[in-house]
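This report reads one protein model with its bound ligand, moving from confidence to strands, helices and single residues. Please keep the sequence and the coordinates at hand while following it.

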Amino acid sequence: MMNQYALPINGTPVSSKVKPFRTLHYLGSKLRLLDFIKTVVDEVDPKGGGICDLFSGSGAVAQHFSKERKVVSVDIQEYSRVICSALLNPFDDSPVYEFAEKIREASFCSEYLSKIAPIIDIERRVLHGDFSSSLETVCDFLESCSLYSQILLPRHDINPLFKKPLLETASNIWPANKHKFLVTSYFGGVFFSFKQAAELDVILNGLNFVDLKYHDLLKASVLSTASDIVNTVGKQFAQPIRPRNKSGEPKKGLLSQLNKDRSLEVFPIFSEWVERYATNKVGRFSHKVVCSDFRAAIDSLENDVSVVYADPPYTRDHYSRFYHGLETLARMDFPEISMTNLGDRSELSRGLYRKDRHQSDFCIKSRAVSAFNDLFYKVSSKQKVLLLSYSPYEKDKGSHPRVVELEFLLDMASKHFNSVELRSMGKFSHSKLNRTDLHLKAGDTAEVLIVCR
Ligand SMILES: C[S@@+](CC[C@H](N)C(=O)[O-])C[C@H]1O[C@@H](n2cnc3c(N)ncnc32)[C@H](O)[C@@H]1O
């Protein structure tokens with residue numbers, strides 16, 4: 001049931017009592033704010049028209065509304081498209097359940113693992129503490145085990161314990177079998193154990209044996225698995241584990257931190273994700289998933305979409321920095337990796353960032369104002385209601401300053417819409433261009449929605 005007034009347009013809703021699940025460990029996911037957002041959406045559009053989840057990220061908002069309204073999800077990143085496509089078009093079919101077992105038993109699975117067996121074995125022994133009780137060997141391993149870096153910029157000062165297995169594995173993969181080992185060669189030993197990385201590769205390559213219609217569901221399950229097992233603080237891909245403290249000594253607790261994530265088994269976690277996506281319930285609407293810049297996506301919004309919910313980034317931190325690994329898994333495109341300039345020389349970026357990593361206008365001071373202006377202009381021209389999320393800057397909590405301040409946005413919105421209201425969780429201030437009313441009181445740092453009509 002929608003709220004008591006709502007009648008869905010052109011579709012059949014399902015109960016929204018089942019709460020959406022978290023698809024990714026994701027900064028700024030709106031999972032905890034869904035009830036608040038829904039209250040406001042149902043209020044501004046009680047007829048149950050379609051909603052566009054602009055900047056859909058981990059898909060929390062799209063997932064929530066897909067039960068009761070038509071959803072159009074939009075994000076510039078392919079990993080978000082894959083996740084939203086899996087959420088909005090679930091397939092509770094036997095091929096998706098049988099996939100993992102079939103792939104695991106296929107001969108190519110053991111063939112893949114055997115190609116990188118030398119490095120899997122050495123990693124297992126390093127993490128088991130077989131070589132010495134000192135953590136120096138573990139640090140050495142983490143600092144030199146990247147296959148991508150070894151292939152591109154070979155180093156010769158590698159600990160002799162793992163030099164041979166590393167070189168042997170690299171030559172087993174590169175160049176003849178390069179296309180089969182995306183995760184292993186880019187992220188093995190760095191973000192995942194080599195065994196985990198090879199198993200993720202097995203699953204991604206296994207997609208060749210399954211109907212195209214199941215690809216997004218299975219790929220989304222790979223992305224969620226990767227997000228669960230990635231061996232970093234905070235489960236993102238901005239920086240691999242730093243094995244040493246500032247004075248260069250191995251960090252205490254290093255081994256347990258490594259073993260905790262690297263011992264996680266890929267296939268069982270993947271199967272759980274497949275089941276979660278496959279059994280997800282959506283209302284029967286013609287949901288759409290778009291991977292593009294927000295401007296083009298707004299231009300092509302259909303008439304049956306009445307509300308645009310927008311959750312753009314607000315700080316200088318590009319989302320692509322934290323999730324480039326997921327983007328590479330989603331695109332399976334063997335990207336060039338960016339270099340860091342160190343003055344006298346350059347080296348591969350520590351996080352192994354894609355060179356073409358998306359730089360969002362919203363995160364760049366000189367471009368953000370114009371991006372917001374485009375957002376307001378385009379949504380108002382399409383005569384849709386805009387709900388713009390904004391989380392005020394909490395100085396004392398150490399959060400990053402906002403690229404554009406709330407008051408500035410309110411002013412700008414007022415130039416494009418007749419009515420601009422501010423809703424905060426539990427609080428409501430209404431104004432038609434009245435700046436004093438719109439001014440948030442100091443300390444009022446709850447998430448807000450700017451409602452533009
Ligand atoms: C704050 S996150 C959205 C979080 C999302 N609401 C959730 O609950 O997971 C912002 C998103 O905006 C996307 N983005 C940034 N610039 C974009 C642009 N120009 N066009 C489309 N999407 C963009 C990023 O890829 C990121 O996924």
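The structure shown is a predicted model. Its chain has a mean pLDDT of 92, with 92% of the residues reaching 70 or more. Two stretches depart from that level of confidence. Over residues 1-5 the pLDDT stays under 50, and the model gives this segment eight contacts beyond four places in sequence. Over residues 428-443 the pLDDT is likewise below 50, and 17 contacts beyond near neighbours in sequence are found for that stretch. Where pLDDT is low, predicted coordinates should not be read in detail.

**The ligand shell**

Around the ligand there are 23 residues, and the closest are Lys30, Phe55, Gly57, Ser58 and Ser360. By residue class, the shell comprises 10 nonpolar, eight polar and five charged residues.

**The paired strands**

Several strands can be followed from one pairing to the next. Strand E1, residues 50-54, is joined to E4 by five bridges, and the two run parallel; in this pairing Cys52 stands opposite Val308 of E4. E4 is in turn joined to E7 by four bridges, again in parallel, with Leu387 in E7 as the bridge partner of Tyr309. From E7 the pairing continues to E10, this time in the antiparallel sense and over five bridges, and here Ser389 lies opposite Leu449 of E10. E10, residues 448-452, also pairs with E8 in the antiparallel sense, over five bridges. Within that pairing Glu421 has Val451 of E10 as its bridge partner, while Leu422 stands opposite Ile450.

How far are these strands covered? In E4, six of the six residues are buried, and in E10 five of five are. Both faces of E10 are covered, with Val448, Ile450 and Cys452 buried on one side and Leu449 and Val451 buried on the other. Strand E8, residues 420-424, is largely enclosed by the rest of the structure, because four of its five residues are buried.

Ile51 gives a closer view of strand E1, in which it is found. This residue counts as buried because 29 other C-beta atoms lie within 10 Å, where 20 or more are required. Leaving out residues up to four places away in sequence, Ile51 touches Val41, Phe65, Arg69, Val71, Val305, Val307 and Tyr309. Its C-alpha atom is separated by 6.2 Å from that of Lys70, although the two residues are 19 residues apart along the chain.

**Helices H17 and H4**

Helix H17, residues 365-381, has 17 residues and reaches 25 Å from its first C-alpha to its last, close to the 24 Å expected at 1.5 Å a residue. Its buried residues are Ala368, Phe372, Leu375, Phe376, Lys378 and Val379. These pack against helix H15 (294-299), strand E4 (305-310), strand E7 (385-390) and helix H18 (406-416), so that H17 meets two of the strands described above, E4 and E7. After H17 comes Gln383, whose phi is positive, near 60°.

Pro95 belongs to helix H4, residues 94-105. Apart from neighbours within four places in sequence, Pro95 is in contact with Val210, Asp211 and Tyr214. Between Pro95 and Ser424 the C-alpha to C-alpha distance is 45 Å, for a separation of 329 residues in sequence.

**Backbone features in loops**

Three residues in loops merit a careful check of their backbone angles. The peptide bond from Trp174 to Pro175 is cis, with omega near -5°, and Pro175 is found in the loop between helix H9 (160-173) and helix H10 (182-187). Lys235 and Leu352 each have a positive phi without being glycine. Lys235 lies in the loop between helix H12 (215-229) and helix H13 (254-262), whereas Leu352 lies in the loop between strand E6 (346-348) and H17.

The table below sets side by side the C-beta neighbour counts of some residues.

| Residue | Other C-beta atoms within 10 Å | Class |
|---|---|---|
| Pro95 | 15 | partly exposed |
| Lys235 | 17 | partly exposed |
| Leu352 | 21 | buried |

Leu352 therefore counts as buried with 21 C-beta neighbours inside 10 Å, while Lys235, with 17, counts as partly exposed.

How values were computed. Residues are numbered from 1 along each chain as its sequence is written. This is a predicted model: local features need pLDDT of at least 70, side-chain atom pairs count only at pLDDT 80 or more; totals for chains, interfaces and linings use all residues. A residue is near a molecule or strand if its C-beta atom, placed from the backbone, lies within 6 Å of it. Ala, Val, Leu, Ile, Met, Phe, Trp, Tyr, Cys and Pro count as nonpolar, Asp, Glu, Lys and Arg as charged, and the others, Gly among them, as polar. A residue is buried if 20 or more other C-beta atoms lie within 10 Å of its own, exposed if 12 or fewer, and partly exposed in between; C-beta atoms are placed from the backbone. Two strands pair if DSSP finds at least two bridges between them. Two residues are in contact if their C-beta atoms, placed from the backbone, lie within 7 Å. The expected span of a helix is 1.5 Å times one less than its number of residues. pLDDT is the predictor's confidence in each residue, from 0 to 100.
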